[in-house]
Amino acid sequence: MKKYNENIDFIITAYNRIDYIKLLEKSIEKYTDFPYKIIIVCDVTNQEQIDFYEEVKYYFKDDDRTTILKGNDEEMPSPMLSNNTINPEHYKRKTKIDGRVLGYNSFYKSDGIDIGIKNGNGRYVCLLDTDTIFLNEWVGGVLKLLDDNLFVSAMWRSDISIARDQFLIYDRERFDSLNLIPNCDYKDTSGNLTLYAEENNIPFYTCKNSSPFDNRGGNANLKSEHLIDLGTYDQGEQIYVDEKPFFYHHSRGSYGTVEESYDNWKFKVSEYLEKN
């Protein structure tokens, strides 16, 4: 078995809005009391995304803990047409196992995750969406859960019954022994991990959270406990370990067109990281 470094590889796929990445990186540095590397994979399917890749690469040029890589360069059909209706060409690809129709962006995200994993050498792999941050120290509480679980995920997605990968961490050595790697073959990105665990009766862990769409550990009443008050734009989920909030997901904030929500996130998260 390949020997890995005793660190966490954070794998982040991205294609727009660099301030999400800047704030996420600051929260990683602030609250991760464990050796780590960050691998950011940027889609380069059009000139705007190529420019974004160059912007991210320049921002982290002096950071020896962060690697910036190019992801998928195949041009994808736009999700929306010029008349603001859904473009059916964008939703033609299907997952291999269950045949669920997804947008190209889900497959490109999966490709980016694969690139990031193959370019890392840390024992622990942690998948992250860009529109997320850490809220408190978390490593000890989460890593101990991997002693008895195949992986730890922020939330459960009830509508399609898979663990979500906005935050998902696993032990690479164990995955190697099972010849297992996250992909988009089942239901959505990294859905194959849930399928493998369930088919082989291997436990996995989804965290307590404030999502109304998680019928395993979600409780929308927990929104009153959110450490970041996003006001009108509070559409996200706070995640807990050992009954302590440690992570926050903005909930599709990086995919929408409402810039006010993005600006609000930047302001409120910056304020939180400065004060805590």
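Phe10, Tyr36, Phe134, Trp138, Phe167, Phe246 and Phe247 come together as one aromatic cluster in this predicted model. Aromatic contacts are worth a tour here, as the whole structure holds 20 aromatic pairs. Two of them are set side by side below.

| Pair | Geometry | Centre to centre | Angle between planes |
|---|---|---|---|
| Tyr59 and Phe60 | edge-to-face | 4.8 Å | 85° |
| Tyr248 and Trp265 | tilted | 5.8 Å | 35° |

How do the partners sit with respect to the surface? In the edge-to-face pair of Tyr59 and Phe60, Tyr59 is partly exposed, with a relative accessible area of 37%, while Phe60 is buried at 4%. In the tilted pair of Tyr248 and Trp265, Tyr248 is buried at 0% relative accessibility, and Trp265 is also buried at 0%. This pair ties together distant parts of the chain: Tyr248 lies in strand E15 (residues 244–249) and Trp265 in helix H7, 17 residues apart.

Helix H7 leads us to a helix packing. H7 (residues 259–275) packs with helix H1 (residues 18–31) at an angle of about 20°, and their axes are 10 Å apart. Because angles under 35 degrees count as roughly parallel, H1 is roughly parallel to H7. Their crossing is left-handed.

Which residues make the contact? From H1 come Ile18, Asp19, Tyr20, Leu23, Lys26, Ser27, Lys30 and Tyr31, and from H7 come Tyr262, Trp265, Lys266, Val269, Ser270, Tyr272 and Leu273. By type, the residues of this contact are 9 nonpolar, 2 polar and 4 charged. Trp265 thus appears in both stories: in the H1 and H7 contact and in the pair with Tyr248.

How values were computed:
Residues numbered from 1 in each chain as written. Predicted model: local features only at pLDDT ≥ 70, side-chain atom pairs only at ≥ 80, totals over all residues. Heavy atoms only, no water. Axes fitted to C-alpha atoms, helices over the stretch in contact; angles between N-to-C directions. Helix = DSSP H or I, 4+ residues; strand = E, 2+ residues; numbered from the N terminus. Parallel < 35°, antiparallel > 145°, perpendicular 65-115°, else oblique. Left-handed = near helix turned anticlockwise from the far one by under 90°. Contact = heavy atoms within 4.5 Å. Nonpolar A, V, L, I, M, F, W, Y, C, P; charged D, E, K, R; others polar. Phe/Tyr/Trp six-rings, centres within 6.5 Å; stacked < 30°, edge-to-face > 60°. Buried < 20%, exposed > 50% of the residue type's maximum accessible area, 1.4 Å probe, protein only.
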